[in-house]
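Q: Please take a close look at one part of this model, the largest pocket. What lines the largest pocket, and which residues lie nearest its centre? Then set that part against the rest of the chain.

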Amino acid sequence: MDDKVMSGAELREIRGSKDQQQFADLLNRQFDRKYDRATISRWESGAARIPQMISSALRAQSAGSVKGIPAVSDRPGLVMACVNQKGGVGKTTSVVNIAYLLATSGLRVLVVDCDPQANASIHLGVDVNERERAKLTLTHALFGSGSMVDSILHIDVGAGTIDILPSHISLANADAEILAEPNGTLLLREKLGECRTAYDVILLDCPPNMGQLTVSSLNAADLVLIPSQTEVLSFMGLTMLMETISKVQRRVNPKLKVLGILPTSHQPRRQQDKKILEELTELAAVSRCRLFSPVRNSAGYPKGALAGKPAIQLDPDIAGIEAYREVVAALVAALPQQEGAKHVA
Ligand SMILES: Nc1ncnc2c1ncn2[C@@H]1O[C@H](COP(=O)(O)OP(=O)(O)OP(=O)(O)O)[C@@H](O)[C@H]1O
Ligand SMILES: [Mg+2]
């Protein structure tokens, strides 16, 4: 990646037919800055230096760039965090398979692996150790000098492409680093600003705890999806999770909404699963959020993880696909004037 700051002429070319004020407004929306027409003019004439972060992000986003990230648009992508502090409830499986359905529907999708376990990255076939050696993981995107877009990788999933910002176990130190930063739990939100307009949907795969990475994800998100297995232990922490979401809504991120609760690994013939599903229905009603149809238990999901591919890519008729389609339809309905929506069946 070329780290040289772009010239004024290159910037003018990227600005295209927008006037300098319109371009400043676009950058302000995308990067949460306060630039004006005069700043753009100084950058283009060479009287002031273009900030490195703006330069790298624009270069990567501009059409035909080496990284192939789609061009800057006016519309920031919708950010959805997949959250549950309980481990093994299907967060990663849901992110990977929802990303697959979105990507193969013609939408531009980015998965940000916010979990030091790096399961989403590995599930999508990424060699995370190699990425870490090249300093191209979320750890470096958050705390290093590079930009977020430099670390994004394109994964070909047959009928589409999933972009991923991979993780690595090195992210396990993130909590301390986030706490050491002023307003550190807003760092992810700020960094995502570099690439939000290049995607329709950005999916955040969260770790199984309510630590700083999960809070950062809730601060950065528009929507939360809560996968929960239909078994007692998975269900128990949900009330606490709903309370945390309410606090984030009140204090930091008032636009945050719960897209819904997604029951996973469901075995409809088991008595216990039926009972928990009833309780989940009640919880969803009390919390005024949607309960999606349950994703049925299927050996195809762990098989996909082992093969490094979305299970739905390996088996388009896999049990539970209807539930994932329901989530995708809800996501698409939440996209503002989304052109891609018409591609989704
Ligand atoms: N519908 C399903 N049927 C059967 N197995 C499933 C299903 N969904 C997920 N699994 C399996 O359950 C295990 C846990 O799933 P997953 O890794 O997605 O959970 P997670 O919540 O991301 O876990 P962690 O909290 O550790 O990040 C995996 O082996 C996965 O393949
Ligand atoms: Mg996971």
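A: What follows starts at the pocket and then turns to the domains and the salt bridges. Keep in mind that this is a predicted model.

Start with the space itself. The largest pocket has a volume of about 470 Å³. Its lining is made up of 28 residues. Nearest the centre lie G88, V89, G90, K91 and T93. Three elements each give two or more residues to this lining: α5 (91-103), α6 (119-123) and α15 (300-307). The largest share comes from α5, with four residues. Sorted by class, the lining holds 14 polar residues, 10 nonpolar ones and four charged ones. Glycine is counted as polar here, so G88 and G90, both among the residues nearest the centre, fall in the polar class.

Now the domains. The assignment splits the chain into domain 1 (8-61) and domain 2 (78-343). Their centres, taken over C-alpha atoms, are 32 Å apart. The two domains do touch: seven residues of domain 1 are in contact with eight residues of domain 2. Between them, domain 1 and domain 2 bury about 610 Å². Carbon and sulfur atoms account for 61% of that area.

What about charge pairs? Side chains of opposite charge can pair when their charged atoms come close. Across the interface of domain 1 and domain 2, zero salt bridges are found. The whole structure has seven. One of them joins the side chains of K255 and D222, at 3.2 Å from N to O. K255 sits in the loop between α13 (238-251) and β7 (257-264), and D222 in the loop between α11 (212-220) and β6 (223-229), so this pair ties together parts that are 33 residues apart in sequence.

To return to the request: the pocket is lined by 28 residues, and α5 gives the largest share of them.

Note on methods
Residues are numbered from 1 along each chain as its sequence is written. Chains are lettered from A and ligands numbered from 1 in the order in which they are written. This is a predicted model: local features need pLDDT of at least 70, side-chain atom pairs count only at pLDDT 80 or more; totals for chains, interfaces and linings use all residues. Side-chain values use heavy atoms; hydrogens and water are left out. On a 1 Å grid over the protein atoms alone, a cavity is a set of points where a 1.4 Å probe fits but cannot get out, and a pocket is an open set with protein on both sides within 12 Å along at least five of seven lines; lining residues have an atom within 4 Å of a point. Grid points are joined across faces, edges and corners, and a volume is the space filled by probe spheres set on the points. Domain bounds come from an automatic or database domain assignment. Contact means heavy atoms within 4.5 Å. Buried area is the accessible area (1.4 Å probe) that two parts lose on being put together, summed over both. A salt bridge is a side-chain nitrogen of Lys or Arg within 4 Å of a carboxyl oxygen of Asp or Glu.
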